[in-house]
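Let's take a few of the labels attached to this model and ask what earns each of them. Each reply sets the value beside the rule and then draws the conclusion.

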Amino acid sequence: MTKPLLSVRDLSKSYTSHGTQLTILKDISFEIGKGEVVGLVGESGSGKTTIGRSVLRLVEPSSGNVRFDGVELTGLSSTAMRRMRPRMQYIFQDPFASLSPRMTIGEILTEGLKIQRIGTRRERLERARVALEQVDLPAEAINRYAHEFSGGQRQRIGIARALTLAPELIVADEPVSALDVSIQAQVINLLRDLQQRLGLTMLFISHDLAVVEYICDRVIVLYLGRIMEIAASSDLYARPQHPYTRALLSAIPSTDVGAKRERQVLKGEIPSPANPPSGCVFRTRCPHAIEACSQAVPELREVAPGHLKACIRDDIPLGAMP
Amino acid sequence: MLARTPSRSPGPLARALDRFLINRAAVFGICLAVPVLAMILTYPLWWSFKPNDIDLLAMNSGPSLKHWFGTDGVGRDVFARVMEGGRISLLVAVASTLLSAVIGFLFGAVSALSGRWADAVGMRFVDLVMTLPPVIFLLVLASIAGTGIWPTVLVISLLSWPLLARMVRARLLELRERDFVVAARGMGAGLPHLLFRHGLPNSIDILVVYATLQIANAILLEAGLSFLGLGIAPPAASWGNMLNAARSTAVLEQYPWQWLFPGGALILAVLAINFIGDGLRDAFDPRAELN
Amino acid sequence: ATLSGGFDVGPGGFQGNFNPLAATAGFTWLSIYFEPLVTYDAKLQKTVGVLASSYDVSPDQLTYTFKLVDAKWHDGKPFTAKDAKFTMELAKNAKTGSVLAARLTPVSSVEAPDDHTLVIKLNAPSASLMDTLTKVMMLPEHALAAIPADQLAKNAWWSTSPIGTGAFKFSKYVNDQYVELTANTDYRGGKPALEKIINRYFADPAAAIAALRAGEIQFTYVDSNDVPTFKDDKSFQVIEGNSFVVNYLGFNHESPIWKDLRVRQAVMHAINRDAIIQSLYGGAAKPANCAYVADQLVPKGIDDYAYDPEKAKALLKEAGWDEINGGKPITLLTYYTTPLATNVLAAVQAMLAQVGINVVPRAVDAPTYNSIVLKPDADISQFQLVYAGLQNGPDAGSINVGLNEKQIPPAGPNVVRARMPDLTAALDAALGEPDAAKRDERYQQVCKVMNSQLPWGTLWVANRYGVVSSKVKDFVWTPAPGGGPYQADPQRWSIAE
Amino acid sequence: MPSAEPILAIQGLKTIFRIRGGDVTAVNDVDLTVGAGETVALVGESGSGKSVTSLSVMRLLTRNIGSIAAGSIRLRRKDGSGCNLVSLTEDEMRDIRGDDIGMVFQEPMSSLNPVYTIGDQISEPIRIHHRASRKAAMATAISLLETVGIPDAKRRARQYPHELSGGMRQRATIAMALACDPTLLIADEPTTALDVTIQAQILDLLMKLQRERGMAMLFVTHNLGVVAQIAHRVAVMYTGRIVEEGPVNEVFSNPKHPYTKGLLASMPRLGDATRMKQSGEKLAAIPGVVPSLMNMPSGCTFAPRCQFAIEACRKAVPALEAVGPLHKSRCIRWREI
Amino acid sequence: MLRYSLRRLAIGIGMLLALSMLIFLLLRLTPGDPIDAYIDPNIPMSPADLAELRSSLGLDQPLPVQYLAWLQQALAGNLGYSIKRMDQPVLGLVLSRIGPTVLLMGTALVISTVVGIATGIISAVRRNSIADLSFSVVALTGISSPAFLSALIGLYVFAVRLKWMPSGGMLTPGEAFSVLDLLHHLILPASLLAVAQAALIMRYMRASLLEVLNQDYVRTARAKGVLEFWVIVKHALRNALLPVVTLIGSTIGLAIGGAIFIESVFNWPGMGLLLVDSVETRDYPVIMGATLIIGACVIVVNLLTDVTYAVIDPRIKVA
Ligand SMILES: Nc1ncnc2c1ncn2[C@@H]1O[C@H](COP(=O)(O)OP(=O)(O)OP(=O)(O)O)[C@@H](O)[C@H]1O
Ligand SMILES: Nc1ncnc2c1ncn2[C@@H]1O[C@H](COP(=O)(O)OP(=O)(O)OP(=O)(O)O)[C@@H](O)[C@H]1O
Ligand SMILES: [Mg+2]
Ligand SMILES: [Mg+2]
């Protein structure tokens, strides 16, 4: 890995609601190298979006810091931050909510350039056209409104919007979760294509491990705001170390009707961030939990080169994983 | 789908208009409002009496070919006064609506889009104004401002804006978290951009509906103020102060044309505007977008 | 039987006011259960005794001696000269909230040599003392003596258990709805024919008229434009009377635009008062060419300022009106907000516009009006002209306060700031005239000066109306300013079943 | 396995919506049977008419807007009698809803009434159909909650929907659908809104309940993986028509319609990615978008996206042909696939 | 719950304080003071007497001193005496008006709530039917008519002409109190007042019910075989009631201030008339006291509305 483009250190985030403290993120640290695609997976409510937005300072972290290309983002003044913004962009999950219903596609695509006062009106429109081309949409889309497009097309527009500012880092927050399978594949292909062509660095958020595998070089597994495991994707899918990762993998239903796998169904549900379990937060659902798990928070440690996990047990057999 | 129409396609406003036009009640409202408005605006061109010309010899005469709506207690032509009163009532209504819309929108939008402190202080202030008993507020404001068109406009505006501010704030608080606004923030948008590029277009339905219904409301408020001897002072005509004449039993009973016509005009206008407002509300209903 | 009425509707009324010391109106009602020493007769022409059977005035006009009648308070205690002295002293004391204090300043002492004699001594002769005394309602010393003067006005006695000497006793006040009086069977003037009198409160004169027509009340004041509704109705009787209020256009004499007498004359000539009186007042007003309309006060041969717009225009031209003001709007301030006044001002505005005087009426509520016009350094632009009314009787001297140079604010309510030495001299002479017989002549002089110098553009004295059900007999009502008091003999009122 | 006489037999079902600008046919010529003890999955992309089909069975289409235009829906009731749901009166239909047919909806949050407790809502159908007392119904409701795996059922029954997590709510709606022991359970995307781990739990639960009670189950989903796991037979829908139908393993291992084939190919598969990344291979996406109901292409509606399409495809709507003993496909070129 | 109530209470007190300051300021900005209202030019008072009167009312003090003096008294529970009716303490005066106001407004509100909700339900369920259409037209006409005009016409028709109802007031003067008499006086103004309110409630009810009828849980209820009547009454209505409760809550809040037009036309001794009267006479203590008391009522009503919310909708926690 070269010098990291993004490095996140001890990021924590908590909210107070109705007088109770909700710890959404706790001591999150990771790095993303230039040109690297890192996946972030976890169940709903595990804090994926919060990480993604904290990285771009769309949410103010409670503590910890985020460095982008050597610049400390946390604590940057709002004007300085505004200057940094074009270099990092966000792609949203919901293709319906992420495009203003009251703007034409042209206006949506040139909005960022306008905010940043880049180019003349003409030049901005030209860049919008280029962006549309990049996502395989016809140029005449520029005068239409978002509601005239299907979900997949809208998601492409969202991607094009992120591209107009020529960012170095893209945070893609579940960009394909809302799409139908047939469309999902189109968008995954497009994203991978663009990433390779433009050399983008990307934080790719998803709850679907199968999708993440297609795009990412490395994967971070999140549970209740804590990192459970980080590994290169080839490594992770072949040799998942953390019981949670294994459970996630085994829960994905497969279309291979014949090869019925032995599944390991997790019991219970993700606990509330208002009162997380002591020690390892996963222990309440972990089939391998032992007494010691409730004692101390397991630290994230390297178990193989580039493979980190937060589990005190190393003795769990790989078992029936695929 | 994309090949359907090469030209610029209808925007959200155009689609709202489409939906508006198939609403029969709303179109009926328009059909009611447009001729009335045209008459009110053009009456000096084709009506020979002036609203303030008195004729003590022809006072309290009933409707006739000469005076369509009869004459009032000093022999002024009621038709001319209804028209002139319409001008003033509508002017007051439109101006106060605009003023309160501007105040309400800016207050609500800035509250929602700037920091938590500004929001808290702003909303407490709105609460305060809304806790103030409206009767007192109205009376006191009116005695401070005095009578006449602009004081009345001011009084009505000051009374009406907090409601809009709340609605706009609620809408924008929700909007603030919407992805496309987060996207704009992510591209470095500041308050003015959010306010006018996102806040305004996305409150347009609230504003339009508020505006129409508020115009109706303001006409009624003006009438009420004039009834209390505030508002538009005679001899200037307004629907409200013309109706004030109905207080006198003699007028109520013996010269009904002196209040029936302004009353009818007022109810008709408010009704038409309410119909239109309703139509607009339906037309802008976000759920309608789904179909 | 019970008589219900809107006794406090209209200009003479003052709802919820039970304290005669602080009352500026409402005497129609108060004098049904309180009584003064003297009062006006029902025509408001002379004073007659009520609790005083007779009175003497010393030749130097400085000592008034009243003989008091045998009367009893409603609680059975006798009314004595001590009570009268007590009352006079309360009325003289501004701390009690008495509005009469200023008018009683000439009184130097009040004595009660015996139970039936009251002696009032003055510093200087006062022509208006008797008028003032009609408003001093006698109060029982035994009920009020214990209350400190400055607490008196706030005491609940007035609205819960007041006692007077009148034909009816206060029995009940239902907050803001009505007051009920019951017959005082021991009344010295005889047992009242009615059992009860109820005064209902109406916020809006129209509501009173509705109640009257619905048969719920038998009497109320009505505006003159409501009179036609009742004129031909057999079941009602319309009572007509002089309002004793002269309506005028008051020129603000501090404003340069009225400096020239010709301009003021032009205003008079421009207004067709007869037409307004005929059409708007239905004939129920007398044009006034000075403050007075009573025959004995108006001298022969004064200018009647006939309606003559051409003359008005000519006068304006002579005066150079175009230079003085021209078509610039002139604020015409008024506190009259009745529909009738609104119409009158519309007519006045239209008539003045015809000769080139552009007035813009502005009606405000009374406190606003007062705060504008009574301010010592008033802003001229806010009231170059006022439309107002001032009492011109029954005491002809009432008019003094509005015209005498000594009454210019803050000293008094000479709101037009008339600084006319002739007028002031005439007024002072009239007020200081000890001889009642010569007084009329003096007031004729006042009238003459007013007529020629036009401190005001006097308009008219309107009539006022009450409507009473035809079933009511022997009912006396006089539209006196402030509601009286006057001799009404409520003990004689009756209702035919 | 499936018994001879089906519980549900839909024939030639056509459902239309009257919207501004004319009628649209949301479900067209659908034939479907579900036998006792059988799970049939209805799959298809969003808007393909899956929900409309299940709502047509329940006769719960939005009044004045949606209506069944043709076809019959035969149901074998608990007492063994049969009836055609299409011709029943509203009153008769109400007897069947919640009693003979239970239904689970997609959104566990919005399909529970926020102002009543879970227990109240589950006991409601029992009180309606079994005329049970409030107390008895509540006791049944609590035991149902236990059946669907909610611990501490007594307490949970007194809670409101918002106090429960998504998975728990979905269990509650399942309990509600099962309250009167229906012969047919219709589950409309019951797991789509849930996390994979919770989805796995719910699927296990449904399979277990279905086995225990011998119900027929119509399972609507768009997730092919879920189909593979839960269903015996599968029907694939596209633009309101069933385009392929057959036993799950046969359809998945040997799809006879280009759409089914495309769907299967575009699913990301665990473990494939690393290989594909290395070889630079892409996911096999189906090009284009699903046409809107308002302007449907003539002929086979999949033709514009189909790599096998020929002229004939655009002429007429292909018939649902038998391509195997139990396997049908609506493609004229199924032999070449 | 307790902490919540205490917090609301604290906010409420702060609000009242700010309210009194605001109204105090506004009053000083109005032209004319109580003395100006008191003066009768026909009965001139000497400048000395006027000054005496002014100082006895404390009007000669600097503004902050006046306000603090008022506040100090108010905190001790003494709202002073009316200036116009000197013998009446403000508290008693205002409280004596609240009864009639609540009676009138409460009756109107009950009528309008019942009528509004009922017609709203019918309109929503039978959407676009003749009934819906006619309710809507009637409602809109009700909303579009100025209150004083309908009051005048109502008074004229029912009291003056038909003589069915008394022309005004709250009780027949001079007669012993009877509930029947009260109702007789009450029914006409209350009904007239209810028309516009009912119209508004009906429209809110209709819109809100239409929205709720589209919700998934209504479909769920139908899928359970619930009778259509109960689907609407049990499942839809309670959810649809929330916006209506807000509306009713704000109506109650406004209602305490009285209805000037109806009160003045029907001569109802309510708060509205008192306020008009006190503003006209610049009766500062009454205006201040009334504002304070009405404000407190509004704050309490708002709190109650929130509590009602929580009762209707368990998702809303009052904590
Ligand atoms: N503004 C907020 N106030 C309080 N809690 C919040 C706020 N925003 C997010 N949360 C909570 O933070 C937690 C994590 O939210 P986040 O959106 O980051 O999760 P996620 O992993 O993206 O989930 P999903 O897959 O559902 O998108 C959730 O429990 C959520 O309820
Ligand atoms: N109430 C309605 N009014 C008009 N059209 C409707 C209505 N309900 C459904 N439709 C139309 O019917 C078609 C089929 O919808 P349906 O809900 O059955 O799709 P689905 O397959 O269940 O999709 P999803 O996976 O999104 O639930 C859609 O095109 C939809 O627009
Ligand atoms: Mg998320
Ligand atoms: Mg569906």
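Q: What makes the rule find 1 salt bridge across the interface of domain 1 of chain E and domain 2 of chain E?
A: Keep in mind that this is a predicted model. The pair is E:Arg8 and E:Asp306, with N to O at 2.6 Å. The rule asks for a side-chain nitrogen of Lys or Arg within 4 Å of a carboxyl oxygen of Asp or Glu, so E:Arg8 and E:Asp306 qualify. Across this interface the rule also finds 2 residue pairs in polar contact, both residues at pLDDT 80 or more.

Q: Which elements of chain E each supply at least two residues of the side of domain 1 that touches domain 2?
A: They are α1 (2–29) and α2 (34–38) of chain E. The most comes from α1(E), which gives 11 residues. By class, this side of domain 1 of chain E divides into 12 nonpolar, 4 polar and 3 charged residues.

Q: How do you know where domain 1 and domain 2 of chain E lie?
A: The domain assignment places domain 1 at 1–76 and domain 2 at 100–312 of chain E. Taken over C-alpha atoms, the centres of these two domains of chain E are 33 Å apart. Their contact takes 19 residues from domain 1 of chain E and 14 residues from domain 2 of chain E.

Q: How much area do domain 1 and domain 2 of chain E bury between them?
A: The value is about 1,600 Å², with 77% of it on carbon and sulfur atoms. On the side of domain 1 of chain E, the residues that lose the most area to domain 2 are E:Arg8, E:Leu16 and E:Leu27, together 32% of what that side buries.

Q: Why is A:Thr50 called buried?
A: Its relative accessibility is 14%, and buried means under 20%, so A:Thr50 counts as buried. A:Thr50 sits in helix α1 (residues 48–55) of chain A. Leaving aside neighbours within four places in sequence, A:Thr50 is in contact with A:Lys13, A:Ile24 and A:Leu25.

Q: What makes D:Lys282 and A:Asp193 a salt bridge?
A: Their side chains meet at 3.4 Å, N to O. The cut-off is 4 Å, so this Lys and Asp pair meets the rule. The count between chain A and chain D is 1 salt bridge, and the rule finds 14 residue pairs in polar contact across that interface, both at pLDDT 80 or more.

Q: Which elements give two or more residues to the side of chain A that touches chain D?
A: These are α6 (181–198), α7 (209–215), α8 (233–238) and α9 (243–251) of chain A. The most comes from α6(A), with 10 residues. That side of chain A has 19 nonpolar, 12 polar and 12 charged residues.

Q: How much area do chain A and chain D bury between them?
A: They bury about 3,600 Å², 57% of it on carbon and sulfur atoms. In chain A, the residues A:Tyr214, A:Thr255 and A:Glu269 lose the most area to chain D, together 19% of what that side buries.

Q: Why is the pair C:Arg213 and B:Glu253 called a salt bridge?
A: The closest N and O atoms of C:Arg213 and B:Glu253 are 2.5 Å apart. Since the rule requires a distance within 4 Å, this Arg and Glu pair is a salt bridge. Across the interface of chain B and chain C the rule finds 1 salt bridge.

Notes: Residues are numbered from 1 along each chain as its sequence is written. Chains are lettered from A and ligands numbered from 1 in the order in which they are written. This is a predicted model: local features need pLDDT of at least 70, side-chain atom pairs count only at pLDDT 80 or more; totals for chains, interfaces and linings use all residues. Side-chain values use heavy atoms; hydrogens and water are left out. Helices (H or I, at least four residues) and strands (E, at least two) are DSSP runs, numbered from the N terminus. Buried means under 20% relative accessible area, exposed over 50%, partly exposed in between (1.4 Å probe, protein chains only). Contact means heavy atoms within 4.5 Å. Domain bounds come from an automatic or database domain assignment. Buried area is the accessible area (1.4 Å probe) that two parts lose on being put together, summed over both. A polar contact is a pair of N or O atoms within 3.5 Å; within protein, one must be able to donate a hydrogen and the other to accept it, and residues adjacent in sequence count only if both atoms are side-chain atoms. Ala, Val, Leu, Ile, Met, Phe, Trp, Tyr, Cys and Pro count as nonpolar, Asp, Glu, Lys and Arg as charged, and the others, Gly among them, as polar.
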